[in-house]
Amino acid sequence: MLSLRTLLRHPIQFALMTLGIALGVAVMVGIDLANASAERAFDLSASAVTGRATHAIVAGSGGVDETLYVRLRTDPQWRGQFESAPTVRAFVASPQLGEIPFTLLGIDPFAEAPFRSYLGGGQGFDFQSIAPLLTQSGAILLSAPTAERYNLTPCMDEFNDSCRLELSINGKTRSAYLIGLLEPSNDFARRALDTLVITDIATAQSLTDTAGELTQIDLILPEDYDTAALTAALPAGNLLVASATRNDQVNTMTAAFRVNLTALSLLALLVGLFLIYNTMTFSVVQRRAMFGALRSLGYTREQVFGMVLGEAALVGALGACIGLGLGILLGQGAVQMVTQTINDLFFVVSVRGVQIPASSLLKGGLAGLFASLLAAAPPAWEAASVPPRLALSRAGLESKAGVAVNLAAVLGILAALAGGLILAIPTRDLIVSFTGTFAVIIGLAALTPFVTVTLMRLLNDPLAALFGLMGRLAPRNVIRSQSRTAVAVAALMIAVSVTIGVQVMIASFRTTVTLWLDQTLQGDLYIAAQGLSAARLDTPLAPEAVAIARSHPLAQSSAVVRVVSVETEFGSVDLVAATPDPLLDARILLEGNPEHVVREMKEGAILLSEPLAARLGIDSLNETFPLLTPEGWVQFPVAGIYADYASTRGTIRMDIDVYRSLWKDDTLNGVSLTLLSSADVDSVTADLRGQLIGFERVQVNPSGALRDDAIKIFDRTFAITTAMQLVTTLVAFIGVLSSLLALQLEKAREMGILRALGLTLAEMRRLTFWETGLLGASAGLLALPTGYILAWILIFIINQRSFGWTLQMQMEPLPFAQAFVLAVSAALLAAVYPAWRLSRMQTAEALRGE
Amino acid sequence: MTIFLRFHDLTKSYYEGNVKRLVLQNAHAEFQPGEMTAILGKSGSGKSTLLNLISGIDAPDSGQIWVDGRNLASLPERERTLFRRARIGFIFQFFNLIPTLTVGENVSLPLELNRVPRPQAQKKAKDFLDSVGLADRWTTFPEKLSGGEQQRVALARALVHDPLLILADEPTGNLDEETGAQVMSLLAKLTREQDRTLLMVTHSAEAASYADRVLRLSHGQLVAER
Ligand SMILES: Nc1ncnc2c1ncn2[C@@H]1O[C@H](COP(=O)(O)OP(=O)(O)O)[C@@H](O)[C@H]1O
Ligand SMILES: [Mg+2]
């Protein structure tokens with residue numbers, strides 16, 4: 001009751017504090033929802049496709065020979081020992097299905113029942129209804145809700161255009177016909193079926209051009225089954241993998257990405273925490289007399305403590321509620337960005353709508369509430385320790401603040417050093433790394449008051465000499481108001497230094513990637529087929545198209561590339577088999593001898609991408625690396641480690657001839673041409689586009705366009721980072737605004753005296769701007785080294801540990817200058833409202849005394 | 001004799017919620033230059049309000065305030081502020097000094113506001129600080145001074161820029177009797193020496209005894225007491 005009234009007495013402060021915590025919670029919840037949605041979408045599609053399979057037999061991109069399935073079923077060695085089911089899988093998209101990625105799942109309806117019960121409610125299929133699935137080629141099934149969503153109705157008897165879907169699969173367009181609907185029997189089934197296109201094995205093989213091949217054979221092995229024996233008995237080139245492990249491997253690849261986002265989202269909450277601390281401290285200091293009186297009336301310490309915490313709890317709860325609402329809105333936008341990035345960098349996943357798991361909301365709500373309580377605990381303690389009845393003089397309070405400035409500086413340095421030590425721990429655990437990073441940031445933030453005070457002392461004389469009264473009053477007022485403004489300024493410092501850190505990191509990243517692209521894209525023209533992911537070459541190119549491109553009269557030389565996924569002991573990775581390019585390897589080779597690498601690769605050695613080497617902890621080149629080829633496991637010498645910023649998943653490079661002889665695969669995914677120096681790239685591009693017009697989805701691009709596309713994807717990846725960093729700055733801004741308003745309230749009497757002495761309103765406003773400008777400058781100044789340190793940590797520790805990328809740190813003055821301007825202008829902007837309010841402040845009232 | 005300060009029909013009211021409360025009701029009075037006047041009145045009778053109107057800090061509902069031939073009530077806010085800066089010295093009951101400025105800077109403040117060149121301002125401020133007996137506290141910050149010392153600094157500051165009119169709002173209200181008497185006699189001595197006009201609000205009869213004339217504020221009107 002008393003609490004509520006206190007809060008309502010300063011409605012603006014109350015509102016700002018609530019808004020600050022709300023924004024912090026909103027960012028956290030928004031990111032959490034986006035992450036959770038992407039993760040759940042992945043889990044769901046993984047578990048939908050995996051079903052109850054415990055293991056699977058896989059064989060890399062080439063697929064498993066379907067005769068193996070027959071043998072598993074009939075060979076007395078295995079017959080009847082375990083359940084098995086063949087599947088053919090591919091990602092497909094269709095204009096009739098909104099062009100989002102669907103999973104084409106080809107199954108054998110007779111083997112399905114134990115595996116994916118949702119397909120038929122556990123009873124197996126209703127054979128009546130699926131007869132056409134087996135007998136008609138091109139027949140597919142969708143779930144009833146999906147069909148309804150896209151306004152599709154199955155054909156009853158005959159195939160016609162009303163139920164025809166154009167599926168684009170591996171760069172080709174194929175017709176399929178919707179012949180029936182699956183009615184999901186429960187919620188899980190509904191969501192599992194959401195982005196599945198179900199078809200018969202034979203149809204799937206014909207749609208994907210993989211006659212005689214299976215993507216994998218799913219197995220349900222009894223618990224104590226001798227997997228080693230099964231593995232040994234499998235034909236060469238096949239591998240038995242545990243389904244859960246496999247899904248985990250894929251999922252953990254995005255974990256680093258998600259942890260990074262979460263850490264960034266916590267920053268806004270941290271800044272919000274500072275805001276609460278600041279406001280509550282102020283309100284406690286203002287009410288010291290009241291607490292003294294309450295204590296003398298018989299209130300216990302605990303009661304006073306509880307009262308202040310109660311206020312904070314109220315603000316925290318309200319802010320958290322608003323934050324949850326905002327967070328859900330934010331999540332809608334964030335999920336798009338997160339999904340986009342996962343598709344760009346990792347694997348195909350389609351997220352339809354935001355999942356709103358109660359756990360995300362609960363986490364966000366509790367974080368908001370506890371952050372508020374935590375931040376309010378020190379001021380509440382201070383309130384509780386006000387002695388009964390004694391009204392402390394302000395002077396006493398300020399000298400206490402003076403001691404606190406130095407104490408904070410010492411503790412800050414210690415915290416920053418501790419953070420440094422934590423960061424020095426060689427670990428790939430991101431939680432540890434971010435803990436260290438936060439310790440460094442908070443430690444440096446604790447230096448803010450010290451830096452401010454020192455700066456003001458230094459500026460005092462020059463400013464007084466230059467600007468007279470204003471120049472003399474402003475720095476001293478800044479020093480004196482430390483106890484009220486320091487925390488807000490520290491929060492501003494954090495926000496601004498994060499801006500610097502993130503900007504420098506992005507700039508460094510961008511420069512590194514641009515450089516890398518320049519070195520990688522050595523050809524003039526690139527011919528590839530468009531797939532589902534903008535960033536990966538995963539679609540085969542028609543051999544005729546390859547031939548046309550390579551035989552262009554203006555082509556001086558050409559290089560080809562084949563991208564497949566291969567099985568390693570650590571799950572599947574991308575294998576890039578390409579025409580060796582001596583120039584390229586010399587430049588982007590991080591480890592290995594550039595003189596010998598091309599020759600070694602011709603002899604069968606491979607290169608590992610940096611993220612892969614980092615993930616597997618490989619740093620010596622004396623090792624060999626086993627890959628599963630159609631002939632079985634082969635040990636490849638590692639000739640070097642190369643820079644690769646296209647994927648964090650990790651890739652392996654191999655000479656195309658070595659690949660072809662081992663995999664017996666002539667398919668290609670891309671061709672690059674180097675033109676005669678007399679040729680005009682644009683006209684050859686136009687010419688080739690004309691010649692290749694009959695090949696669907698084949699694209700001809702000059703290297704420049706490709707580079708621009710890559711940079712576009714890059715920028716897209718960091719859009720969310722920039723957005724969150726803006727919110728953090730907004731919260732810091734609110735903090736400064738709130739503390740300025742508080743300060744003004746408190747200095748009313750002093751300002752009244754100045755008015756009585758004859759300072760005009762304009763002069764009073766100027767004084768306000770001077771003071772806040774100086775506060776902003778202090779924050780900005782400290783943010784420069786802090787931002788630099790943060791950038792260094794992000795580039796050389798966080799990025800390295802998260803994605804395994806080495807970046808060149810790019811130091812440009814611009815982000816630093818911008819950040820300083822940002823700090824000063826944020827502070828000045830925050831002063832606009834208080835300055836405007838000056839005219840409404842009643843001098844007479846201020847002078848009437850306490 | 002010329003009339004230096006004159007107000008008539010002065011009415012001022014405040015709203016407390018929806019209730020209108022008349023503080024001054026058609027008050028009028030005249031003051032001559034060099035005159036020392038004490039205004040007595042109960043707490044809440046409107047004494048501070050009256051001083052705020054005379055200094056132009058606040059504007060009356062109606063009525064006129066003539067100071068040195070100018071009607072303050074008709075001036076815009078900025079003009080009133082500049083007028084106050086040049087012509088009026090103020091002493092309050094407590095918390096008079098700007099805590100971030102040293103004693104010397106507090107005293108020079110009115111000169112600086114009136115753009116007196118720095119060397120002159122310094123010298124003059126030193127002289128005045130000397131005359132209140134605190135010359136050696138030039139670089140001290142106000143919080144290090146006792147209440148009586150703070151009021152003496154305020155006194156020097158109120159007089160330093162040769163104002164026509166000094167307004168004192170219970171200048172001894174926060175001091176013990178002995179210190180109050182010291183400050184009062186100093187105030188009386190300096191105003192007389194400088195030949196200033198002083199309007200002092202007080203509820204202490206002791207303080208009022210220094211005045212040439214005593215008025216009482218009650219029911220929104222000023223009546224002669226002595
Ligand atoms: N800004 C204001 N708003 C509302 N009421 C006010 C205001 N200023 C003064 N008052 C009221 O006017 C009356 C006179 O106040 P004041 O002039 O301060 O009295 P005094 O100085 O004689 O003690 C008081 O009742 C006070 O409550
Ligand atoms: Mg009064």
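This passage describes the domains of chain A, the interface between chains A and B, the surroundings of ligand 1, and the contacts of one arginine in the predicted model. In this predicted model, local features require pLDDT of at least 70 and side-chain atom pairs count only at pLDDT 80 or more, whereas totals for chains, interfaces and linings use all residues. Residues are numbered from 1 along each chain as its sequence is written, chains are lettered from A and ligands numbered from 1 in the order in which they are written, and side-chain values use heavy atoms, with hydrogens and water left out.

Chain A is divided into four domains, with bounds that come from an automatic or database domain assignment. Domain 1 is made of two segments, 1-54 and 262-392, and domain 2 covers 64-214. Domain 3 joins 450-521 with 711-850, while domain 4 covers 540-696. Between the C-alpha centres of domain 2 and domain 4 of chain A, the distance is 34 Å.

The interface of the two chains brings 27 residues of chain B into contact (heavy atoms within 4.5 Å) with 26 residues of chain A. The size of an interface is often given as the accessible area lost when the parts come together. Here the buried area, which is the accessible area (1.4 Å probe) that two parts lose on being put together, summed over both, is about 2500 Å², and 63% of it lies on carbon and sulfur atoms.

Side chains of opposite charge can pair when their charged atoms come close. Across the interface, 5 salt bridges are found, each defined as a side-chain nitrogen of Lys or Arg within 4 Å of a carboxyl oxygen of Asp or Glu. The structure holds 30 salt bridges over all chains. One of the salt bridges between the chains links B:Glu105 to A:Arg472, with the closest N and O atoms 3.9 Å apart. This pair runs from helix H3 of chain B to helix H16 (residues 448-480) of chain A; helices (H or I, at least four residues) and strands (E, at least two) are DSSP runs, numbered from the N terminus.

The interface also contains 10 residue pairs in polar contact, both residues being at pLDDT 80 or more. A polar contact is a pair of N or O atoms within 3.5 Å; within protein, one must be able to donate a hydrogen and the other to accept it, and residues adjacent in sequence count only if both atoms are side-chain atoms. On the side of chain B that touches chain A, helix H2 (77-87) and helix H3 (103-113) each supply at least two residues. H2(B) gives the most, with 6 residues.

Ligand 1 is surrounded by 13 residues (a heavy atom within 4 Å), the closest being B:Arg21, B:Gly44, B:Lys47, B:Ser48 and B:Thr49. The surrounding residues come from chains A and B, so the site is shared between chains. Oxygen atoms of ligand 1 lie 2.8 Å from a side-chain N or O atom of B:Arg21, 2.9 Å from a backbone N or O atom of B:Lys47 and 2.5 Å from a polar side-chain atom of B:Thr49.

A:Arg89 is located in strand S3 (residues 83-93) of chain A. Its side chain makes polar contacts of 3.2 Å with the side chains of A:Thr87 and A:Asp218.
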